[in-house]
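Work through the exercises below with the sequence and the 3D structure open. Try each task before you read its solution.

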Amino acid sequence: MGRHIDHRGGSVNVVAIPREIIAVVSKRNDGMINLFNADEQYRPFFFSITEELPPARIKDYEWRIWTQDRVKGKIIEWYDYARSVVFFQNMYRFSDGSFIRKFNGANIVVLGDIPQSAGLSSSSALVVAINLGIVVLNKLRISKRRFVEWCGMAEWIVGTRGGYGDHAAMMFSRVGKIANITTMPLKVRYVSFPRELLIAVCDSLVKARKSRESKSKFNEKVATYEIALLLFKKKFPEYGKRVKIFRDLIPENMGVKLEDYYEILKEIPEAISRNEVMSNLSENAEFLSTLFKEHEEPKEGYKVRGVMLFGVSEIERAKIAPLMISKDPVRFGTMMNISHNADREYKYVEGEKVKWINDCSNEYLDNLIRKLKEKQNEESCQLYMQSGDYGCGHEKTDLIVDLATSVNGVLGAEIVGAG
């Protein structure tokens, strides 16, 4: 619980599974990375760390711009994730480009059994494994927290704009525990996983390659979050001191009643075109232009309200999930189902496939407001009970979820990642 929100400052709740990528690493005396894969379908690759570097030390927004130019029109291959080493070397430089520490290169062989393009972060695992090897070989003194934050930024070199939740999961997960990981800043706490429950991870066999066709969709949703936050700040400047990042857009932080919060949400458009975004937020034109270069414009516009509603509701779900899974696992299962609906395309009813629509209309919100004021079925009106509309699912994952939840004893099911 905690999907699509680690890059917004939200929490993720993760568990360890017995799949892995192993990197066998040996030091070189030059700055070359020689990369091999035990699976022969992936060809070897070689590159020089220093030749890949930007002219001077860069970070944050500059790194975003630099990596954007690097991947323009490029088909990303498996070995491109190894270029994430460049970010680590970049951070060990002064602003004039000279080195605090110049890295030794490495010969690296990787192998593993994490399903690829299945939403279990095989690419991030590659980033973590290779950069752990570089840290050890170069005897770098770096905390686990800084390491995962840098891994998140480093992976931008392939053009995606994700966070560091996956990398943190790999570094902080413990067997038999739920790791509740909060980002911005990174905090970790552990909750015991109930012994009477089991998790089944099922591969849909749908390949969602973030390095190819789905990268644009991924970045589009990240951009939609950014647009939602900018629109909110412009429409409601009175909350400026309370709302700095997307995570702050929850009623508790804003100090408003839930019914008033839904009234505020009605002021966020259901959908907005790119031209309308630029017109409404002209003062942010440079930043928006950067966002727009990273994805194709959605034909039906940016579904700002649905994505915002999903984001804030998932932040709430992720916050209460660790306690709920042990005290009220049935209710936790219900929250899994609600969360999945944000990415649902179809509902399978007695073998029939029915198109799924997530309602985020004014009428829907008005109905929630009315029920809250009249104290009718208030549980269903809570923010964590709303799906919103994120729209990154697939009919085959919907089928797996609906088959699973039709089985007696299954408390809940949801899409974990892209596959």
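Helices (H or I, at least four residues) and strands (E, at least two) are DSSP runs, numbered from the N terminus. This is a predicted model: local features need pLDDT of at least 70, side-chain atom pairs count only at pLDDT 80 or more, and totals for chains, interfaces and linings use all residues. Residues are numbered from 1 along each chain as its sequence is written, and side-chain values use heavy atoms, with hydrogens and water left out.

**Exercise 1. Place Phe 36 and state which residues form the nonpolar surface patch.**

Step 1. Phe 36 sits in strand β3, residues 32–37.

Step 2. Classify its exposure. Buried means under 20% relative accessible area, exposed over 50%, and partly exposed in between (1.4 Å probe, protein chains only). Phe 36 has 30% relative accessibility, so it is partly exposed.

Step 3. Build the patch. Patches are made of residues with over 30% relative accessible area and no salt bridge; like charges are joined within 9 Å, and nonpolar side chains (Val, Leu, Ile, Met, Phe, Trp, Tyr) within 5 Å. Accessible areas come from the Shrake-Rupley method with a 1.4 Å probe; for residues, only the protein chains shown count as cover. The nonpolar patch is made of Ile 22, Val 24, Phe 36, Phe 46, Val 109 and Leu 111. Together they have about 490 Å² of accessible area.

Step 4. Assign the elements. Strands β2 (21–27) and β5 (106–112) are the ones that give two or more residues to this patch.

**Exercise 2. Find the residues of the positive surface patch, and place Arg 145.**

Step 1. Fix the charges. Lys and Arg count as positive and Asp and Glu as negative; His and the chain ends are not counted. The place of a charge is taken as NZ of Lys, CZ of Arg, CG of Asp or CD of Glu.

Step 2. Lys 144, Arg 145, Arg 174 and Lys 177 form the positive patch.

Step 3. Arg 145 belongs to helix α5, residues 144–154. Its relative accessibility is 39%, so Arg 145 is partly exposed.

**Exercise 3. How many salt bridges does the structure hold, and which parts does the pair Glu 414 and Arg 3 tie together?**

Step 1. Apply the criterion: a side-chain nitrogen of Lys or Arg within 4 Å of a carboxyl oxygen of Asp or Glu. The structure holds 24 salt bridges.

Step 2. Take the pair. Glu 414 and Arg 3 form a salt bridge at 3.1 Å, N to O. Glu 414 lies in the segment after α16 (395–405) and Arg 3 in the segment before β1 (11–14), so the bridge ties together parts 411 residues apart in sequence.

Step 3. Check burial. Glu 414 is buried, at 14% relative accessible area. Arg 3 is also buried, at 8%.

**Exercise 4. Describe the salt bridge between Glu 52 and Arg 70.**

Step 1. The closest N and O atoms of Glu 52 and Arg 70 are 2.3 Å apart.

Step 2. Glu 52 is in helix α1 (residues 49–52) and Arg 70 in helix α2; the two are 18 residues apart.

Step 3. Glu 52 is buried at 12% relative accessibility, whereas Arg 70 is partly exposed at 33%.

**Exercise 5. Is helix α9 mostly covered or mostly open, and what covers its buried residues?**

Step 1. Helix α9 spans residues 258–265 and is mostly covered, with six of its eight residues buried.

Step 2. Those buried residues are Leu 258, Glu 259, Tyr 261, Tyr 262, Ile 264 and Leu 265.

Step 3. Look for contacts, meaning heavy atoms within 4.5 Å. The cover includes α7, α8 (251–254), α12 (304–327), α14 (362–373) and α15 (378–381).

**Exercise 6. Examine the backbone at Met 184, Pro 185 and Asn 377.**

Step 1. Recall the background. Most residues other than glycine have a negative phi, and most peptide bonds are trans.

Step 2. Met 184 and Pro 185 are joined by a cis peptide bond, with omega about 0°. Pro 185 lies in the loop between β6 (177–182) and β7 (187–192).

Step 3. Met 184 is in the loop between β6 and β7. Its phi is positive, near 60°. Met 184 is partly exposed, at 32% relative accessibility.

Step 4. Asn 377 has a positive phi too, about 45°. Asn 377 lies in the loop between α14 and α15, and it is exposed at 52% relative accessibility.
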